[in-house]
Amino acid sequence: PGDLRRYGADMTGVANSTAAFQTALDCNRVVYIPTGTVRTEAALKWQLAERESQNKMAVAREQPKAVVQ
């Protein structure tokens, strides 16, 4: 899966990680959110290509300490 840290997300929640999160969503079918806090300041868009619309996508995260704000 696409680990948010590989896309530059700040797992402390201090910096805005909207662009990193969006890039991870754009590039991966599964996005891994490691333990921490990810701050976003805009809506995230998760789009499927028409030919993939029947396939499932998922967000994987560690339990229970991953927080998306």
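Is Arg-5 buried, partly exposed or exposed, and what is its relative accessible area? Keep that in mind as you go through these points.

1. A word on the source to begin with: this is a predicted model. The protein chain holds 1 helix and 6 strands. Walking along from the N terminus, you meet them in the order β-β-α-β-β-β-β.

2. Now for how the chain packs. Of its 69 residues, 33% count as buried. The protein chain exposes about 4600 Å², and carbon and sulfur atoms supply 49% of that area.

3. Next, see which parts of the sequence meet. Among contacts with a separation of 6 or more in the protein chain, 60% are accounted for by residues 24 or more positions apart.

4. Charged side chains come next. The whole structure contains 2 salt bridges. One of them joins Asp-3 to Arg-5, with 2.6 Å between the closest N and O atoms. Here is the answer to the opening question: Arg-5 is partly exposed, and its relative accessible area is 49%. The exposed class starts over 50%, so Arg-5 at 49% does not enter it. Its partner Asp-3 has a relative accessibility of 14% and counts as buried, because buried means under 20%.

5. The salt bridge between Glu-41 and Arg-39 has an N to O distance of 2.2 Å. How do these two residues sit, buried or exposed? Glu-41 is exposed, at a relative accessible area of 53%. Arg-39, at 23% relative accessibility, counts as partly exposed. Try finding both side chains in the structure above.

Methods. Residues are numbered from 1 along each chain as its sequence is written. This is a predicted model: local features need pLDDT of at least 70, side-chain atom pairs count only at pLDDT 80 or more; totals for chains, interfaces and linings use all residues. Side-chain values use heavy atoms; hydrogens and water are left out. Helices (H or I, at least four residues) and strands (E, at least two) are DSSP runs, numbered from the N terminus. Buried means under 20% relative accessible area, exposed over 50%, partly exposed in between (1.4 Å probe, protein chains only). Contact means heavy atoms within 4.5 Å. Accessible areas come from the Shrake-Rupley method with a 1.4 Å probe; for residues, only the protein chains shown count as cover. A salt bridge is a side-chain nitrogen of Lys or Arg within 4 Å of a carboxyl oxygen of Asp or Glu.
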